[in-house]
Each structure stands twice: as C-alpha cells, then as structure tokens.
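Student: I've got a structure to go through and a handful of questions about it. Could you walk me through them one at a time?

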Amino acid sequence: MAVQTLSPETHIKSTQSWGRYVIILVAIVGFVMAAEGLAAMIYQHIEFATSYDAPRNPNFRRGWVEYTRPPATREPNERRIILISNSQGFLRERPEDEFVYASQLEMLLNQQADGSNYQVLNWSIPGGNAPEYILLAARAAAHDPDMILLVTYSQDFVEDLHPIAFYISDANRLGYLSDVRRYLPAEFIRQYAINDPLAWLEAHTYLGNMRNRLEIPQNDSWTWEAREKRDRPRGLHRFKEWIEQAEREMQFLNDTLLAALPDTPIVIVQTPINDLAFTQDSLNQAEQFIPRLQAHFESNPNVTILNASDIIAPETFYPDGVHFRPEGHRQFAEWLLPVVNNTLETISR
Amino acid sequence: MIFNSPEFGIFALIVFPVYAVLRGKPLRFWLVVMSYIFYGWANPWYILLLLGSTVLDFNIGKRMSRTDDARRRKMLLAMSLIGNLGALGIFKYSGFVIRSINDIAATIGVAFPVEPPDILLPIGISFYTFQTLSYTIDIYRGQLEPTDSFSAFALYVAFFPQLVAGPIERATHLLHQLEEKQPTTTDDLITGITRVLWGLTKKIVFADYLGIYVATVYDGGASNLDYLLATYAFAFQIYLDFSGYSDIAIGLARIMGIDLRENFLWPYLSRNISEFWQRWHISLSTWLRDYLYIPLGGSRKGSARTAANVVIVMFLGGLWHGADLKFAIWGLWLGLALGVYHIYALIFKKKFNLDDSLRWRDVIGIFITLQTVMISWVFFRADSTTRAFNILENFVTRDLRNWTRLRALNEEEALLVVVLMVITFGLHIFHRLQQGRAFLKWRHPVLVGAFWGGLILFMFMFHAPTGERFIYFQF
C-alpha cells in the first residue's frame, strides 16, 4: 500500500481544499455502503430458525426478530396459538425440545385428530418480563393468531427493559419494526426509550443485524444443567414499587393487545409456582397478581384470566425452586389442553 | 453532555459550522455559550458555579497585575485559593469530612449531631478548579500576564472539549490560543477527526466492554482468578476510558486549530513508577508538581524530604480524585512507591530519559511498575476501602483452588478480556517501537475516508451493549 508522508507544506496554515473533504466524505459513504452490501450478502445466506420450525428459540435470548418472523402463507386448516412466556416455558435445564410444555401442548392438540393442524409457537424468553411480552404481543399481530396464551406471574411485572443489561434479550429490537411499533403505546416507547437512533440503525441495517448475531452471550446463558438451589428464597423488589410498576405495565399490555389483536382471544395464565421457594412478600405479591390483572383487563372482552399457580407439586420443580421438571411440563400441557380447546371452540361458534 | 451520546453529535453539528464562519469576540462568545450549554446539559445550576469561579479569578488576575505590593498580591492569591478550593471543599469534601468525624465520634462513643449535606457533586469541578487556579498562581508568580478579555478567560475556564475531564490546561499554553481564532489546516482537521474517532473507539468498544466484565466481578462474588483478571482489566479499562476522553478532547480542539497538551503517553510500558507519572494523567501530575511539589521544596531539601514531599503530594492527588478514604489510600500507596523509588534512584544514581528506547532488561522494571499500579487500582475500583483490603487479603491468604477456577466470568468472557488487554498492550509496544513517529501519515482523501469509515464501522459493529459514562466524570 502506498503511504504518503506528510509534506512540510501541509503544516502551513492554509485555506482548505473543499474538494478533498468531498472525496473523504464519498470514501466514507462508499466504504460503509460496501460493508453494508457485504453484510447483506452474508446475512441473507444465514438460515434463521423461526418459531414455526423450532419449538423454542435456538438463539436463547437473542435473535427475536428472526425467530418471530411471520410465515409467507397460512394453511386453511391451521390453528395458530402463540405462547408468550418466560424461562418456565423455555425449560433451559433440558436440551430436548419435546419436553417443553408448548411442544407437549401442540402434540396433545394434534392427537385429537379433529382435522386441524395446530401450531403452538413458543415465544418464551428466558428471564422474560412484561416489556418484552408487550413487544411480542405487538409482533403477534402479523401472525394472525387464533389465540394468544400469555403464561406469566407477578415477578415478570417487576423488571425493566432498561437499562438493558448485557445479557438481556434483544426483543427490544422488535420495537423498531414498523409493524410492531404502530401498536405500542407512545408512553411505553418513551418509558423504555425505544427511540434510540443507534438502536434504530442497528435494527434496520444488515450490519446491525450482523452485529446482533455476533453479540457474545452472557455467562451461563446456555447451559443444560439445573442450577444449584439458591442460598435463600427469592426475594423481590419492594412491594410498593412492584405495584406501581406492575400497574403501568399491565396498562401498557392491555393497550397493546387492544390495538394489535382486537379480535383475538387472549388467555392470561398465572404460572405454576413453588410456594416453598418464595418469601412471604413474594407470595403476597403473587396473591395480588390476578385481582390486579382482572381490574386492568376488565375492559377487554377478549381476555380470560386463569390461575395455575398450584397445579404442580413442589417436588416437581427443579432445585432452583422456579422451573419445573419435564413431568411438570407435561402436567401443565394437560392442564392447558381444555383451556385452549374451549377458547378455540368459542371462536368457532 | 457526554461525548459518546447522540446529543453531543447534534451539539457538534451546531457548534462547528457556526465556529467556521465567526471571528473575534462573537466567536469567543459563541464558544462560551455553547460550552456552558455543554456543561449545564444535565444540571443548569452547575453553570453558576463555573461562572462564579470565572468572575472571581478574572478579577483577581486583573487586580493582581495592577499592584506590585507583595502583601496585596498575596492576599489576592489567598482569595482565589479560598474561593476556588472553598467551593471544591463544600461541594466535594464536606460530606466526606462530616461522615469521617461522625465515624470517629461513634468509635469513641461521642454523639456528633451534624448530618452530612446532600450535595450533588458538580461534574468536572476538580478539573476546572485546578485549571483556573493555575491562572492566578501563574500571574502571582509573574509567569503570566492577565488577559483583558473576559470572554477569552471565560472560554479558557469552560472550553467544552476539556472542561469536564481535562487535560487540565495552563493559561500559559491555552489562553492565548483562545484570544484569537486559530487557522485550521487540512492536517489539523484530519488529525483532529481521526483523534476523535480513535478516542471514541477506545471508549465505546474497548473500555466499555472491559467495564462490563470488571463490574461482573467487582459487583458480585468472585474467585481470586476473577479478581486478578478484573483488576488488570480495570487497569486497561480506566486507561482506555480516560485516554479515550483525552483523545476526543485533543481532537475536538485540534479541529478548531487549538493545541491541547497530551495527557497520556502509553503509561503501562513505564520502567519505574516515576516514569509512570510522567506518562499517566500528565496534566494532573505536572500540575501537582508545579503547584504543590515544588512549593513544598521539591527535591531541593535532601532525599528524606523529597520522599516525604512525594508522599504528601500523591496523598493529596489521591484525595483530588474523590472524597473517600480509598482514594487517599490509592494516592498514599503510589506516593510511597514513588518515595521509595526516589530514594532508590538517589542511592543507585539511576537516571532515565523519557524518550529512551526500551531494552530487554527493562522488562523487570516494567513488570514491577505494572504490579505496583495494579495494587493501587484495587482501591480505585472497589466500592469501599474495606472491600479493597478484603480483595487484597484474599490474594495472599485464600487457598490455591481460588486461583485455578473462574467463578464470576466464564472462559469465553475471560478470553475476551485477555484479548482486549493484549491488543491494548500491543498498541503500547507498537507505539514505543515507533518512537514518537506519527503512525498515520496517510493524507490521500480516499485513504483517510476509508480509515474513518473503517473506524465508524468498527465502533458500530463492536460497541459494548451498555454505554457507560466516562469514569473521570465523577471527579
């Protein structure tokens, strides 16, 4: 490479040549465009699993834009159920997809052989929380689902999407997609700062998508061993803070569901809970959860709220006290089966 | 406002085009106003303090130049010192002092009824206080003529590129550059923008990534191996963070044709602790040397007094960083190391020249210096003095298994930390081998454009997911 050394003349303070700066600018733009083109070529050759062909996101907490891509077509007999949930729906402790309750529910539904092809799309984010569910609910509109199943509990309505921790999911990228953003309440966008120009650029360029692919996962993000029992029961944020935050997030969720899925039945299920793993504060919170949900979703005729908190015995949970074992997943799927059937039957009528 | 924020991008797009068309007083006025906006972005009340300091020292400087009466000059200097250090004391140290008195009182069983004040520390107060103090001290010493232009002086105090975290400039170097618009050459622009981009890269890619792992270890439970790695990582994080800020400051000033002093000269290849302080935060160490160490007697009063002066200066330098015992210990430790080195250098008649090329035998000195500095960083990074001592204690007392396994970090993260440190250290070596020759000599516009485009892309692709404030903003 030819290297031009600095000539003494360039030290002299002189009028700049504007042409030189135009060339520099063109070179920058050209360089960046070339890199974007290269990234496009690479990105388009990457095969991303979607929720239609993978029972859970193979990229763990990343790649939510790709994993929740809507399909091009829909079969006439297809019944589409979107499950939005947290790590309990993900079953990170086991590598086998078939143990996940979403898979088991899909299998049970299809075993009915009623002529329908049931698809249970498992949108469970390990560590997922309310803001992510809101983004996923908005994303669901593009899939034209027959039903939304939101399996959640009080603690999901505590944590913020911001500040985005290193290991958090990239579901916030969904908020920059126009077919998601249009359903999001303006206040939600403001509160969770889904208006960062750099993040917008990351979501809308191939280079940005490639960057997201390259992001290094946080430690223990994809291990298959059940974690050791915690030293102490899971404590929670202060009760008052929880109420304030939860109220806000429930309102955002309802607003989003009304805007994105005005005619779709939505079933919100309080997830199975292991009482022994929680502090009294947490249990108090859990008890408040359903009444508060009911108060918020009263105005939404599509929403049904159910409680599954005590359907799984404590010994069916892993030692971490939060996630249930494969047999628990089976029990939960069996519990959900009539719920789904009844809901879908109601629509058919 | 911080350099690595979208707001600053918009700010720069407003400041520089207007700067290009203005001259003289309107230009200075423009830059002062914009510097105040830059400074007051988070809290406009801070501007009052900045303005107060400016008015005080401008007037004291003028009055001092009008009199030959030594007593009156001394009194004026005292007013400047009291005004500036008083503000610094109230805003930065009053809480610390009252808390310390409370602690001592509690220890001896006496109730001390004063609550520490709940004062928010104004950003950059330590930096601009030292900068403006140097102005009055230099006038007092007869080394500087005061400026007649209030706008030039206000700009000297508030010049936005270096206002918040330095380099701490001297009026003898900066003030005259601000009195008149400096012509900007193509070379200034290219070098300035390259420096800004490089500084941003150091900050948002290298420093912020290292910062994530350092926080993972220091804010949670970890093994000795984690702590060792994180302490080294912090050493590089703080270097990249602070020198990155200095690069951006120097680059921004250079775009306006203004020369700021270098603040870092690849410090982790220093052969002894004295050299380290000539390569690390140079603007502070030279300030401490000129305005504290030399007035205390410097090296003119024997080796014992020299060592004592060094320790005193470094102790105060530590406290300059923060009103916390851990910073005092940080300074004290480095001061002791410097004192010991001074005695060693006197006994063995060791002399070194900053520009000497490195030799293989220097490796031992570099290693010892690095370890000495590493110990100090534990105090700098730990949440408290107690925690810092715990970490250091664990280094020497805990069982060997703690040295062989990672607990807070996984292998991939540890590898990434090591790679980032190796790159940074590699840049140190590369630069020293270059022996001060400019690395980037390309001036062909296509090459410059491609280089800038490459840096922008590199930052875009690899910036850390959590953007942090510059570490030195807290001081």
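**Sheet, salt bridges and surface**

Student: Let's start in the sheet of chain A. Which residue of E2(A) stands opposite A:Ser85?

Tutor: Keep in mind that this is a predicted model. A:Ser85 belongs to E1(A), and 8 bridges join E1(A) to E2(A), which run parallel. Opposite A:Ser85 in E2(A) stands A:Ser124.

Student: And in what order do the strands of that open sheet come?

Tutor: There are 5 strands in the open sheet, with parallel pairing. From one strand to the next, the twist averages 20°. The order in chain A is E2-E1-E3-E4-E5.

Student: Which strands stand at the edges, with a single partner strand each?

Tutor: Read the order E2-E1-E3-E4-E5 from either end. An edge strand here has a single partner, so one side of it is left without a neighbour in the sheet. That applies to strand E2 (117-124) and strand E5 (303-307) of chain A.

Student: How many of the residues of E1(A) are buried?

Tutor: Take the two faces in turn. On one side, A:Glu78, A:Arg80, A:Ile82 and A:Ile84 are buried, and on the other A:Arg79, A:Ile81, A:Leu83 and A:Ser85 are too. E1(A) is largely enclosed by the rest of the structure, because the buried residues number 8 of the 8.

Student: What about E3 and E4, how many bridges join them?

Tutor: Strand E3 (residues 147-152) and strand E4 (residues 266-270) of chain A run parallel. Within this pair, A:Val151 stands opposite A:Val269 in E4(A). The number of bridges joining E3 to E4 is 5.

Student: Which helix lies across E3, E4 and E5 of chain A?

Tutor: Two helices are worth looking at here. Helix H4 (residues 130-140) of chain A lies across E1, E2 and E3, at about 165° to E1(A). The one across E3, E4 and E5 runs at about 170° to E5(A), and that is helix H10 (residues 280-297) of chain A.

Student: On to salt bridges. What residue does A:Asp179 meet in one?

Tutor: The N to O distance in this pair is 4.0 Å. A:Asp179 sits in helix H5 (residues 178-181) of chain A, and its partner is 40 residues away, in helix H4. The side chain that A:Asp179 meets is that of A:Arg139.

Student: Is A:Arg139 buried or exposed?

Tutor: Compare the accessibilities with the cut-off: buried means under 20% relative accessible area. A:Asp179, at 24%, counts as partly exposed. A:Arg139 has 5% relative accessibility, so A:Arg139 counts as buried.

Student: In chain B, how far apart in sequence are the parts that B:Arg254 and B:Asp187 tie together?

Tutor: These two form a salt bridge, with the closest N and O atoms 3.5 Å apart. B:Arg254 lies in helix H10 (residues 224-255) of chain B and B:Asp187 in helix H9 (residues 186-218) of chain B, so the parts they tie together are 67 residues apart in sequence. B:Arg254 is partly exposed at 24% relative accessible area, while B:Asp187 is buried at 6%. The separation asked for is 67 residues.

Student: Where does B:Glu262 lie, the partner of B:Arg195?

Tutor: B:Glu262 and B:Arg195 meet through their side chains in a salt bridge of 2.8 Å, N to O. B:Arg195 is in helix H9 of chain B, and B:Glu262 counts as partly exposed at 34% relative accessibility. B:Glu262 itself lies in the loop between H10 and helix H11 (273-279) of chain B.

Student: Last one: which helix gives the largest share of the nonpolar patch on the surface?

Tutor: The patch consists of B:Ile312, B:Phe315, B:Leu316, B:Leu332 and B:Leu336, with about 380 Å² of accessible area together. Helix H13 (303-321) and helix H14 (325-347) of chain B each supply at least two of its residues. B:Ile312, partly exposed at 38% relative accessibility, is found in H13. The largest share, 3 residues, comes from H13(B).

Note on methods
Residues numbered from 1 in each chain as written. Chains lettered and ligands numbered in written order. Predicted model: local features only at pLDDT ≥ 70, side-chain atom pairs only at ≥ 80, totals over all residues. Heavy atoms only, no water. Patch = residues over 30% accessible without salt bridge, like charges linked within 9 Å, V, L, I, M, F, W, Y side chains within 5 Å. Areas by Shrake-Rupley, 256 points an atom, 1.4 Å probe, with all protein chains shown as cover. Helix = DSSP H or I, 4+ residues; strand = E, 2+ residues; numbered from the N terminus. Buried < 20%, exposed > 50% of the residue type's maximum accessible area, 1.4 Å probe, protein only. Pairing = 2+ DSSP bridges. Axes fitted to C-alpha atoms, helices over the stretch in contact; angles between N-to-C directions. Contact = heavy atoms within 4.5 Å.
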